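Dear colleague,

I am passing on to you the structure shown just below, and after it I set out what was found. Please have it open while you read.

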Amino acid sequence: MASSAETSSSPWDSVRRARRIVVKVGSSLVTNQGQGLDAEAISEWARQLSHIVHGAPGQERREVIMVSSGAIAEGMKRMGMSKRPRELHELQAAAAVGQMGLVQMYETMLRQYQLGSAQVLLTHADMADRERYLNARVTLLTLLKRGIVPVINENDTVVNDEIRFGDNDTLGALVANLVVADLLIILTDQNGFYTADPRKHPEATKVQLAQAGDPALEAMAGGAGSAIGTGGMLTKILAAKRAARSGASTIIAWGREPDILPRLMAGEHGIGSLLYAPMHKLQARKQWIADHLQWHGSVVIDAGAARKLRHEGKSLLPVGMVQVKGRFTRGEVIAIEDEQGQHVARGLANYSDQEARKLCRQPSEAIEALLGYVAEPEMVHRDNLVLL
């Protein structure tokens with residue numbers, strides 16, 4: 001594990017360079033330890049988000065997704081519950097009631113700072129189903145492209161075991177994977193990750209910098225969350241490990257630290273704990289494609305397309321395809337081979353085999369006329385393609 005003190009290495013610099021960020025806020029912060037939605041705190045985060053999204057003059061804009069807990073806690077308050085219920089139907093009812101207030105609060109506060117917002121409710125099933133996963137990804141990327149801040153929560157009204165064992169730390173990491181974010185920021189009621197629980201062990205020291213996925217971190221973490229939320233520090237360590245799989249680093253920090261988000265984006269070191277990803281996000285994604293997925297079906301490309309892939313770093317466009325082999329669905333890994341049968345690359349297909357057959361030798365401008373919709377102008381985007 002890295003030293004608990006700041007080092008001269010580059011992980012903190014990668015935070016400053018982050019352009020796509022997922023910010024997760026816990027229930028204890030959003031609801032002021034269960035007393036109801038904290039309008040002042042949410043307004044303050046909205047102000048900080050406006051600095052990040054709009055950017056200062058001469059600075060590049062950033063894209064931000066909020067993952068917010070608080071629906072069940074707000075529902076408990078509105079329904080007069082003093083303790084978190086155990087029964088599933090009571091939890092689902094509290095989530096349904098509380099979600100109304102939560103999304104209204106975010107919409108109101110973000111609008112104050114000229115930020116558009118959108119509500120997105122997800123379940124783990126959405127992440128497991130490839131078609132729904134891709135649809136969620138496209139929706140979120142479209143919102144980000146338009147400068148809108150998606151506010152994401154788990155769809156607690158309809159889930160079953162996730163509502164008891166799931167947590168929004170994990171959801172934040174899954175969203176970071178989904179949109180291939182640069183950075184996951186977990187705002188909590190502690191100012192970082194410590195070698196032991198500082199509330200029980202005053203001698204514990206803060207870990208300022210470590211590699212996500214280091215087994216020593218899991219050994220240090222433990223314990224349950226607050227009476228309002230479900231996550232503890234261990235869930236945050238595991239979330240950082242999961243986020244790192246797609247190349248996103250994670251910062252665990254105190255949510256009420258003044259100007260925490262703009263200060264991080266300005267490059268200030270040592271705020272909270274940085275658990276850095278061991279590889280760049282594009283490298284991580286391509287490693288995942290190359291090593292951990294079996295391919296389904298293939299497309300044959302002409303010599304011109306093969307040259308562009310091999311030597312020019314281009315995406316695979318439908319016009320370069322001459323044949324489709326086998327069966328595959330949108331989002332599955334396919335092989336890309338030349339007309340001599342040699343495998344050129346492997347990548348994630350933006351269209352199914354049936355759709356790809358219609359697109360062979362066709363320009364991207366013809367996709368909508370041929371299929372009735374356009375997912376992407378490419379058959380395989382270069383970011384989702386690995387040369388062999």
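**Two domains and what lies between them**

The C-alpha centres of domain 1 and domain 2 lie 35 Å apart. Please keep in mind that this is a predicted model. The domain assignment of the chain places domain 1 at residues 11-280 and domain 2 at residues 292-387.

As for how the two parts meet, five residues of domain 1 are in contact with four residues of domain 2, and between them the two domains bury about 450 Å², of which 42% is on carbon and sulfur atoms. On the side of domain 1, the residues that lose the most area to domain 2 are Arg130, Leu134 and Val138, which together account for 72% of what that side buries. Sorted by class, the side of domain 1 that touches domain 2 consists of two nonpolar residues, one polar residue and two charged residues.

Turning to specific interactions, the rule finds zero salt bridges across the interface of domain 1 and domain 2, while it does find one residue pair in polar contact there, with both residues at pLDDT 80 or more.

There is also a record to set beside the model: UniProt, in an unreviewed entry, lists residues 297-380 under "domain: PUA". Over residues 297-380 the chain is 26% helix and 25% strand, and the C-alpha atoms at the two ends of that stretch are 14 Å apart.

With kind regards

Conventions
Residues numbered from 1 in each chain as written. Predicted model: local features only at pLDDT ≥ 70, side-chain atom pairs only at ≥ 80, totals over all residues. Heavy atoms only, no water. Domains from an automatic or database assignment. Contact = heavy atoms within 4.5 Å. Buried area = accessible area lost by both parts, 1.4 Å probe. Salt bridge = Lys/Arg side-chain N within 4 Å of Asp/Glu carboxyl O. Polar contact = N/O pair within 3.5 Å; in protein donor to acceptor, adjacent residues only side chain to side chain. Nonpolar A, V, L, I, M, F, W, Y, C, P; charged D, E, K, R; others polar. UniProt positions renumbered as here; feature names shortened; annotations may be inferred. Helix = DSSP H or I, 4+ residues; strand = E, 2+ residues; numbered from the N terminus.
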